[in-house]
Amino acid sequence: MKIVVLIKQVPDTAEERRLSPDTGRVDREGTDPVIDEITERALELALTVKDRDKSTEVVVATMGPADAAKSIRKALSMGADSGIHILDDSLAGADMVLTAATLAAALRDTGADLVIAGNESTDGRAGMIPAMIAEHLGLPLLGSLVSAEIGGDAVAGVRLSEVGTQEVTASYPAVLTVTERFEEARFPNFKGIMGAKRKPLATISAADLAVSAQVRSTMLDVAQRPPRTAGRKIVDDGNAAAELVDFLAARRLI
């Protein structure tokens, strides 16, 4: 089996993230770039399959600036076999449509049986890219799973919804996205760190993928989120219950 894991380099998730008013993009100045935690969990899922079956090939792929290669090397040190880095200055600030089209083009000829990604990134939080990639490639999507069983002939999983749980399954090839319910990623050991330096990492451009970076949406304006206003305090002088009911009913919460 061949599994491709989509990882993303993001500003340190422990720090506050904000948009730059000059570019309309995530402000990455002064922050330490890290692999997005949810995509590390996606990689951990792939590596558990490799642990069971040593013939499994795990490839990590990302689209990002030159220093995103460091995140790929970390993923290789954790146990992935090879990496794909889409690197092209013309793709800087790409919107979801361009990002999905580029990633899909890179995945099309990999021969992957399964593509695993996080359900959403911690910087953009759109949660749409995997579904758009699946549409580009004409593959089934098992999205936002809380558990998964990757078998020899099919992949199955459980998704939580507002009304209960859904059991979903698909034959290969397929796209799967994980949530924070999956296991945290393992730490690379010294042997893995040293071995990562010798593992193959392919760097490809938009031209290599025949993708045009000219068509994209543009951020027109950025405004800082206003501070939260103080809530209404209800003091119980005998009619607090009625006031609470009126408050909730006025907002159609009951």
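Two strands count as paired if DSSP finds at least two bridges between them. The exercises below apply this and a few other criteria to a predicted model.

**Exercise 1. Find which residue of β9 is the bridge partner of Val155, and describe how β8 and β9 are joined.**

Step 1. Locate the two strands: β8 covers residues 154-161 and β9 covers residues 164-171.

Step 2. Apply the criterion of at least two bridges. Eight bridges join β8 to β9, and the two strands run antiparallel.

Step 3. Look up the partner itself, which for Val155 is Ala170 in β9.

Step 4. Follow the chain from one strand to the other, and a hairpin appears that joins β8 to β9 through two residues.

**Exercise 2. Place the strands in their sheet, and state which strands lie at its edges.**

Step 1. Begin with the whole chain, which has six helices and eleven strands.

Step 2. Write down the order of the open sheet of nine strands, which is β9-β8-β7-β10-β6-β1-β4-β5-β11, with mixed pairing.

Step 3. Read off the edge strands, which are β9 and β11 (201-204), since each of them pairs on one side only.

Step 4. Add the twist, which averages 35° from one strand to the next.

Step 5. Examine a parallel pair within the sheet: strand β1 (residues 2-6) is joined to strand β4 (residues 57-63) by five bridges, and the bridge partner of Val4 in β4 is Val59.

**Exercise 3. Determine which residues are linked with Arg41 in a network of salt bridges, and whether Arg41 is buried or exposed.**

Step 1. Recall the general principle that side chains of opposite charge can pair when their charged atoms come close. The cut-off needed here is 4 Å between a side-chain nitrogen of Lys or Arg and a carboxyl oxygen of Asp or Glu.

Step 2. Test Glu37 and Arg41, whose closest N and O atoms are 2.7 Å apart, so that the pair meets the cut-off and forms a salt bridge. Both residues lie in helix α1 (residues 37-52), four residues apart, which is about one turn of the helix.

Step 3. Test Arg41 and Glu184, where the closest N and O atoms are 3.9 Å apart and a salt bridge is again formed. This pair links distant parts of the chain, with Arg41 in helix α1 and Glu184 in the loop between β10 (174-178) and α5, 143 residues apart.

Step 4. Join the results: Glu37, Arg41 and Glu184 are linked in a network of salt bridges.

Step 5. Judge the surroundings of each member, bearing in mind that buried means under 20% relative accessible area and exposed means over 50%. Arg41, at 8%, counts as buried, whereas Glu37 is partly exposed at 33% and Glu184 counts as exposed at 56%.

**Exercise 4. Work out which helices are linked by the salt bridge of Lys74 with Glu40.**

Step 1. Check the distance, which is 3.1 Å between the closest N and O atoms of Lys74 and Glu40.

Step 2. Assign the residues to their helices: Lys74 belongs to helix α2 (residues 68-78) and Glu40 to helix α1, 34 residues apart, so that the pair links distant parts of the chain.

Step 3. Compare the accessibilities, for Lys74 is partly exposed with a relative accessible area of 36%, while Glu40 is buried with 15%.

Step 4. Set the pair in its context, a total of eight salt bridges found in a search of the whole structure.

**Exercise 5. Identify which element gives the most residues to the largest nonpolar core, and then find a nonpolar patch on the surface.**

Step 1. Start with the core, which has 34 residues; among those with the most contacts inside it are Val5, Leu43, Val60 and Val155.

Step 2. List the elements that each supply at least two residues of this core, including β1, α1, β4 and β9. Helix α1 gives the most, with seven residues.

Step 3. Take the chain as a whole, in which 39% of the 254 residues count as buried.

Step 4. Turn to the surface, where Phe190, Ile193 and Met194 make a nonpolar patch of about 300 Å². Phe190 is placed in helix α5 (residues 190-196), and Phe190 is exposed, with a relative accessible area of 63%.

Technical notes. Residues are numbered from 1 along each chain as its sequence is written. This is a predicted model: local features need pLDDT of at least 70, side-chain atom pairs count only at pLDDT 80 or more; totals for chains, interfaces and linings use all residues. Side-chain values use heavy atoms; hydrogens and water are left out. Patches are made of residues with over 30% relative accessible area and no salt bridge: like charges are joined within 9 Å, nonpolar side chains (Val, Leu, Ile, Met, Phe, Trp, Tyr) within 5 Å. Accessible areas come from the Shrake-Rupley method with a 1.4 Å probe; for residues, only the protein chains shown count as cover. Buried means under 20% relative accessible area, exposed over 50%, partly exposed in between (1.4 Å probe, protein chains only). Axes are lines fitted to C-alpha atoms, for helices over the stretch in contact, and angles run from 0 to 180 degrees between N-to-C directions. A nonpolar core is a set of buried Ala, Val, Leu, Ile, Met, Phe, Trp, Tyr and Cys residues joined through side-chain atoms within 4.5 Å.
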